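Me: I have a model open and would like to talk through its strands, a helix and some aromatic rings. Could you go through it with me?

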Amino acid sequence: MEIERKYLVPQLPADHASYPYHFIEQGYLSTEPVVRVRREDDTYYLTYKSKGLLAREEYNLPLTEESYHHLIKKADGHILTKKRYLIPVKGSDHLIIELDVFEGRFKGLILAEVEFPSIEEAQHFLPPDWFGEDVTFSGEYQNSRLSRQP
């Protein structure tokens, strides 16, 4: 089960580049249900996600590099590329901010996601001051929806 909150970030925090990051490229074979192929650095996988905004089922299956390159060519819509910085949440021993800095078509878009072990913890989360609007429940900034923009 994936339980996460998502926020727009109006401006990158000054120290973001001091944290580790992954390069991510992903495309969608289907958006209803969500079936995605992703390259994260040198790791490749296929993901299925059920419907939902705050909480939904998620399954990841490993792919070979060859399978990924075959499937990404079949993706509908836009291929998304971004750097994902991993920033610990201050005051927490288990929460990580996944700060997505988009490149390519969506350059300038910055989103922060935080995954939680429970819905209750997600509902009581107090975001850092540098987070902007909470877009968790709008669905507008789900990557699968971005991939379908004209």
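Reply: What follows takes the strands, then the helix, then the aromatic rings. This is a predicted model, in which local features need pLDDT of at least 70 and side-chain atom pairs count only at pLDDT 80 or more, while totals for chains, interfaces and linings use all residues. Residues are numbered from 1 along each chain as its sequence is written, and side-chain values use heavy atoms, with hydrogens and water left out.

Me: OK, strand 3 then: how many of its residues are buried?
Reply: In strand 3, residues 34-40, 5 of the 7 residues are buried, where buried means under 20% relative accessible area, exposed over 50% and partly exposed in between, with a 1.4 Å probe and protein chains only. Strands here are DSSP runs of E with at least two residues, and helices are runs of H or I with at least four, numbered from the N terminus.

Me: And in which sense does strand 3 pair with strand 2?
Reply: Strand 2 (residues 21-31) and strand 3 pair in the antiparallel sense over 7 bridges, pairing being counted if DSSP finds at least two bridges between two strands. A hairpin with 2 residues joins them, and Ser-30 stands opposite Val-35 of strand 3.

Me: What about strand 4?
Reply: Strand 4 (residues 43-49) is paired with strand 3, again in the antiparallel sense and over 7 bridges, with Glu-40 opposite Thr-43. Their hairpin has 2 residues between the strands, and Asp-41 there takes a positive phi near 55°.

Me: Switching to helix 1, which residues are buried?
Reply: In helix 1 (residues 65-72) they are Tyr-68, Leu-71 and Ile-72. Seen down the helix axis they fall within an arc of 95°, so they line one face; the arc is that of the directions from the axis to the C-beta atoms.

Me: What covers them?
Reply: The cover includes strands 2, 3 and 4, together with strand 6 (58-63) and strand 7 (76-88), contact meaning heavy atoms within 4.5 Å.

Me: Last topic, how many aromatic pairs are there?
Reply: There are 7, counted for rings of Phe, Tyr and Trp (its six-membered ring) with centres within 6.5 Å; planes under 30 degrees apart count as stacked, over 60 as edge-to-face and the rest as tilted. Phe-116 and Phe-125 have ring centres 5.2 Å apart and planes at 65°, so this pair is edge-to-face.

Me: Which residues form the aromatic cluster?
Reply: Tyr-7, Phe-116, Phe-125, Trp-130 and Phe-131 form one cluster. Within it, Phe-116 is buried at 6% relative accessibility, whereas Trp-130 is partly exposed at 25%.
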